[in-house]
Amino acid sequence: MVKHWKYPKDDDLVVTALRGLAASNPALTLIPSEKVVYNGKAASKVAIISGGGSGHEPLHAGFVGDNLLDAAVAGTIFASPSTKQIMAAVKATAEKEKGVIAVVKNYTGDVLHFGLVAERAKRDGYKVELVAVSDDVAVGRTQNEMVGRRGIAGTAVVHKTLGAASASKNATIEELAELGRSVNAALVTMGASLDRTTVPGREGGDEGETTGADTAELGLGIHNEPGEKLHPIPEATELVDLMYKRLLDKNDKERHYLDFDDNDDYVMLINNIGGTSSLELYALAHYAVSRVPLKKKPSRVYISDFVTSLSSPGFSITLFNLDKAGTNKYSKKDILEFLDAPTNAPGWKPKIYSDKEWQQPAEEVKESPVAHAEFPKSDVKIDGQQFAKNLQNAMKLLISKEPEITKYDTQVGDGDCGETLKAGAEAILAAIDSDKQFEDNLSDVVATVSAITEIVEDKMGGTSGGIYAIYLTSFAKNLKEEKAVNTQSVASAMSKALYDGLFKYTKARKGGRTLVDTLQPFVDTLVETGDVARSIEAARKSCENTAKLQAKFGRASYVNEEEFAGGVPDPGAVGLLAILEGFTGTN
């Protein structure tokens with residue numbers, strides 16, 4: 001269950017949020033008593049207003065601005081605003097002769113309240129038109145016949161088109177109303193979510209309103225209306241294909257109502273319903289773009305949070321057929337210009353690109369510029385077969401220690417140290433067995449260490465991968481300058497790699513409870529004595545001593561000292577000790 005922050009009991013959360021929004025945009029004027037925000041700097045024109053229940057941010061208030069809405073009316077969470085509130089928006093923005101268009105999502109409360117205001121405003125001498133958005137194909141043709149389809153993410157497209165058309169073309173209210181209804185008729189949207197949402201202030205959420213374990217919902221409404229249960233949760237590609245079947249299948253007479261011809265141009269909108277991470281949203285967008293069953297690529301792709309349901313972990317796909325949206329006055333070229341028109345409304349986040357840029361997008365690079373990078377060569381030769389054997393011993397010992405390292409890191413870190421080290425070790429073992437380039441370089445220690453560095457950086461990642469890569473890169477450089485391989489030259493190269501290399505990029509030192517607690521005493525002792533066994537012993541004692549230390553670096557530094565009760569050594573130090581012991585055969 002999603003938790004919510006606690007707010008003062010006397011505060012109205014919606015008004016408080018609108019005040020925060022207004023603080024971010026100097027063009028916005030707020031009427032707190034009516035929960036209305038409007039563009040106080042708008043030019044004389046047909047006013048475009050909208051509104052509905054709160055909880056769908058940035059809809060509606062986030063879309064108030066130039067080339068978008070002139071005013072937005074906020075109801076309480078998931079509830080329509082009152083006629084009094086709506087009339088305040090009309091009177092704050094509309095000129096009687098030019099008129100006002102009210103854009104509403106096709107829900108009973110919104111249509112009734114805005115409709116009543118429209119009639120009252122007409123009585124008072126205003127020109128008024130109502131445009132209802134009904135793009136949700138989750139609701140079939142015969143379902144809820146008295147109301148029809150719901151309005152969801154496609155509402156943002158109607159807002160942007162009408163807002164820019166009103167601002168730029170000096171259009172009449174009749175022309176704009178025709179455009180709005182035509183745009184709505186050319187929209188289809190389908191959403192999916194992993195769970196329902198919960199409402200701030202309702203302790204425990206809405207009882208019974210959960211999707212269930214390993215279950216998603218297709219066509220879930222933005223007010224927690226139930227959808228079609230999908231169990232188990234399908235793979236993203238399968239889910240996207242199913243959504244397109246609902247959106248475009250001409251054989252589905254119950255749901256489908258928008259035809260696409262092969263030459264039709266269209267816009268795609270990927271909407272975050274509230275709780276989907278940006279990483280996942282862009283991944284889902286890729287599947288949506290790459291798997292769309294239409295001949296053409298989309299003319300525009302918009303990816304953002306347009307119409308949300310508080311924190312619902314879902315997304316929706318909207319297709320807007322430009323060829324089906326035109327009117328006698330407005331062509332699809334005009335509509336694209338309206339969508340491309342710049343705005344200062346904070347909720348409209350897509351960046352503005354020229355039509356030429358959209359028509360000629362940059363292509364993916366098929367091959368990395370470093371795909372055929374050569375490893376540095378040297379005259380520093382070693383027994384390649386013996387080196388490979390020692391390296392294999394080290395990696396196998398490290399892999400065997402993975403459960404122990406993971407256990408320690410679960411107690412004092414984020415639990416991934418063992419798996420990260422294991423991934424690097426397995427990749428190195430695979431390279432020894434099958435990588436011809438790696439095998440060819442085994443006798444050249446500089447080339448071999450450089451190859452290992454590439455593997456570590458590629459397969460390990462994170463902080464530990466970076467530390468190992470920096471150290472090994474510096475070690476290879478310094479060993480190349482030594483021009484020979486013996487205990488003294490290796491010790492010198494390791495010391496320079498530590499003090500002149502790694503220590504330039506991290507403040508970690510012995511006593512800080514990191515892998516340096518193993519590395520530094522090993523290197524120092526090897527330089528001082530030239531004795532590998534004594535160096536391993538010094539590293540082992542220092543590693544064991546980390547169980548008594550409080551961490552100063554990394555995630556473990558945020559763990560309370562009491563968590564270390566019972567003596568938990570540093571996982572990174574344990575991992576490096578396994579590598580040194582395995583390589584030197586001292587385990």
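**Domains, sheets and buried residues of the predicted model**

Arg 540 lies in helix H18, which spans residues 532-545; helices (H or I, at least four residues) and strands (E, at least two) are DSSP runs, numbered from the N terminus. The structure is a predicted model, in which local features need pLDDT of at least 70 and side-chain atom pairs count only at pLDDT 80 or more, whereas totals for chains, interfaces and linings use all residues. Residues are numbered from 1 along each chain as its sequence is written, and side-chain values use heavy atoms, with hydrogens and water left out.

With a relative accessible area of 18%, Arg 540 is buried; this term denotes under 20% relative accessible area, while exposed denotes over 50% and partly exposed the range in between (1.4 Å probe, protein chains only). Residues up to four places away in sequence being left aside, Arg 540 touches Leu 577, Glu 581 and Thr 586, where contact means heavy atoms within 4.5 Å.

The domain assignment of the chain gives domain 1 (13-198 + 213-354) and domain 2 (384-584), with bounds that come from an automatic or database domain assignment. Taken over C-alpha atoms, the centres of domain 1 and domain 2 are separated by 54 Å.

One open sheet consists of 6 strands in the order E1-E2-E4-E3-E5-E6, with mixed pairing; two strands are taken to pair if DSSP finds at least two bridges between them. Strand E1 (28-31) and E6 are the edge strands, each pairing on one side only. From one strand to the next, the twist averages 20 degrees; axes are lines fitted to C-alpha atoms, for helices over the stretch in contact, and angles run from 0 to 180 degrees between N-to-C directions. Helix H2 (residues 83-93) packs on this sheet, touching E1, E2, E3, E4 and strand E5 (100-105), and its direction makes about 165 degrees with that of E4.

Within this sheet, strand E4 (residues 71-77) is largely enclosed by the rest of the structure, because 6 of its 7 residues are buried. Strand E2 (residues 36-39) is joined to E4 by 3 bridges in the antiparallel sense, and Val 36 has Val 73 in E4 as its bridge partner. Strand E3 (residues 47-54) runs parallel to E4 and is joined to it by 5 bridges; here Gly 52 stands opposite Ala 74 in E4.

A second group of 6 strands forms an open sheet with the order E9-E8-E7-E12-E10-E11, and the pairing is again mixed. Its edge strands, each pairing on one side only, are strand E9 (228-230) and E11. The twist of this sheet averages 20 degrees from one strand to the next. Strand E7 (residues 187-193) and strand E8 (residues 216-218) run antiparallel and are joined by 2 bridges, with Ser 193 opposite Glu 217 in E8.

Strand E10 (residues 266-272) has 7 of its 7 residues buried, so it is largely enclosed by the rest of the structure. Its two faces are both covered: Tyr 266, Met 268, Ile 270 and Asn 272 are buried on one side, and Val 267, Leu 269 and Asn 271 on the other. Strand E12 (residues 314-321) runs antiparallel to E10 and is joined to it by 7 bridges, with Leu 269 opposite Thr 318 in E12. With strand E11 (residues 300-304), E10 pairs in the parallel sense over 5 bridges, and Leu 269 stands opposite Tyr 302 in E11. From E10 the chain crosses through helix H7 (residues 278-290) to E11 in a right-handed β-α-β crossover; the hand is so named if, with the strands pointing away from the viewer, the path from the first strand over the helix to the second runs clockwise.

H7 lies across E10, E11 and E12 and runs at about 150 degrees to E10. Helix H8 also lies across E10, E11 and E12, running at about 30 degrees to E11. In H8 (residues 332-340), the residues Asp 334, Ile 335, Leu 336, Phe 338, Leu 339 and Asp 340 are buried. Their cover includes helix H4 (154-168), helix H5 (173-185), E10, E11, E12 and helix H9 (355-359).

Asp 136 is located in the loop between strand E6 (128-133) and H4, and counts as buried at 1% relative accessibility. Its side chain reaches the backbone nitrogen of Ala 138 at 2.9 Å. The side chain of Asp 136 also makes a polar contact with the side chain of Arg 150 (2.8 Å); a polar contact is a pair of N or O atoms within 3.5 Å, of which, within protein, one must be able to donate a hydrogen and the other to accept it, and residues adjacent in sequence count only if both atoms are side-chain atoms. Residues up to four places away in sequence not being counted, Asp 136 touches Arg 149, Arg 150, Ile 152 and Thr 189.
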